[in-house]
Amino acid sequence: MLERYQLVQTPQRLELHDTHDPKVGAVYVDFVEGKAQHRRKFGGGKGQDIAKAIGLHKFKHPYVIDATAGLGRESFVLATLGCTVTLLERSPIVHALLADGLKRALASDDSEAVDIASRMTLYLADAHVWLGAMPVNDVPDVVYLDPMFPERQKSALVQKEMRFFHEVVGADEDSDALLELACQHAKRRVVVKRPRHAPELEGCKPAFVIAGKAVRYDVYLGKAAT
């Protein structure tokens with residue numbers, strides 16, 4: 001199935017193409033224009049649910065590990081709000097898209113985007129291995145988890161990207177195990193993004209929940225020593 005999806009370097013950026021159905025359009029990362037720019041300017045700042053879940057009303061400039069970086073949208077939002085973010089992505093294909101997006105953001109003429117991207121550091125890594133081997137002097141304030149949502153048979157843009165992810169990356173079948181590991185290595189919080197009506201990871205009740213219309217953020221307390 002991987003042969004169906006191919007990375008293509010265009011004059012503008014690196015893109016992931018569906019060679020069997022080119023009409024669906026490409027998947028790529030853009031932190032400067034489009035939705036990223038709109039959310040940066042009009043997204044609601046620290047009033048956003050994700051900001052409340054991370055604890056930006058309590059913690060100034062927290063260090064966040066986005067353990068399931070995907071296309072990096074939440075990482076970019078958090079960096080926009082002043083967080084220092086380490087992005088972990090274990091898929092080489094998705095990592096390549098992310099690296100290309102960050103490279104273009106850092107080289108852009110948009111000084112604000114450059115400043116935001118400079119607070120983001122990307123690694124090709126499995127979060128289970130990374131967190132387990134993390135040095136004690138590099139403990140994050142928050143670990144953020146966004147396991148892959150269940151696949152839906154719709155044709156909108158978000159579902160298109162999800163279909164690409166399901167085919168190229170596969171399901172996050174080990175996300176339950178990642179929750180406990182994240183709690184052991186986070187100083188303050190672990191935040192898990194879930195569909196509004198989905199069960200909790202590992203059936204584990206969170207300390208509290210920030211719920212929106214379509215998604216919610218389950219917040220667990222970190223156990224790492226301060």
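This section describes the fold, the nonpolar cores, one enclosed helix, one buried loop residue and the salt bridges of a predicted model.

The chain contains 8 helices and 9 strands. Of its 226 residues, 49% are buried. Among contacts with a separation of 6 or more, 66% join residues that lie 24 or more positions apart. The exposed surface of the chain amounts to about 11500 Å², of which carbon and sulfur atoms supply 53%.

The largest nonpolar core comprises 40 residues, and F31, I54 and V191 have the most contacts inside it. Helix 4 (residues 92–106) provides the largest share of this core, namely 5 residues. A second core, of 19 residues, lies apart from the largest one and includes I65, A67, A127 and V192. The surroundings of V191 were examined further. When neighbours within four places in sequence are left aside, V191 is in contact with A53 and I54, with the run V142, V143, Y144 and L145, and with Y217, D218 and V219. I54, itself among the residues with the most contacts inside the largest core, is thus also a contact of V191.

Helix 3 (residues 73–80) is largely enclosed by the rest of the structure, because 6 of its 8 residues are buried. The buried residues of helix 3 are E74, S75, F76, V77, L78 and A79. After helix 3 comes G82, which has a positive phi near 105 degrees.

A buried position was also found in a loop. L201 is located between strand 7 (189–195) and strand 8 (208–211). Its relative accessible area is 3%, so L201 counts as buried, the cut-off being under 20%. With residues up to four places away in sequence not counted, L201 touches P147, S175, D176, L179, V192, R194 and Y220. One of these contacts, V192, belongs to the core of 19 residues. The C-alpha atoms of L201 and A177 are 8.7 Å apart in space, although the two residues are 24 positions apart in sequence.

Side chains of opposite charge can pair when their charged atoms come close. In the model, 9 salt bridges were counted. One of them joins D141 and R188, with an N to O distance of 3.3 Å. This pair links distant parts of the chain, 47 residues apart: D141 lies in the loop between helix 6 (127–132) and strand 6 (142–145), whereas R188 lies in the loop between helix 8 (175–185) and strand 7. The two partners fall into separate accessibility classes: D141 is buried, with a relative accessible area of 12%, and R188 is partly exposed, at 37%.

A further salt bridge is formed by the side chains of R216 and D218, at 2.7 Å from N to O. Here R216 is buried, with a relative accessibility of 7%, and D218 is buried as well, at 0%. D218 is also among the residues in contact with V191. A third pair consists of D115 and R119, whose closest N and O atoms are 3.0 Å apart. In this pair, D115 is partly exposed, with a relative accessible area of 40%.

Technical notes:
Residues are numbered from 1 along each chain as its sequence is written. This is a predicted model: local features need pLDDT of at least 70, side-chain atom pairs count only at pLDDT 80 or more; totals for chains, interfaces and linings use all residues. Side-chain values use heavy atoms; hydrogens and water are left out. Helices (H or I, at least four residues) and strands (E, at least two) are DSSP runs, numbered from the N terminus. Buried means under 20% relative accessible area, exposed over 50%, partly exposed in between (1.4 Å probe, protein chains only). Contact means heavy atoms within 4.5 Å. A salt bridge is a side-chain nitrogen of Lys or Arg within 4 Å of a carboxyl oxygen of Asp or Glu. Accessible areas come from the Shrake-Rupley method with a 1.4 Å probe; for residues, only the protein chains shown count as cover. A nonpolar core is a set of buried Ala, Val, Leu, Ile, Met, Phe, Trp, Tyr and Cys residues joined through side-chain atoms within 4.5 Å.
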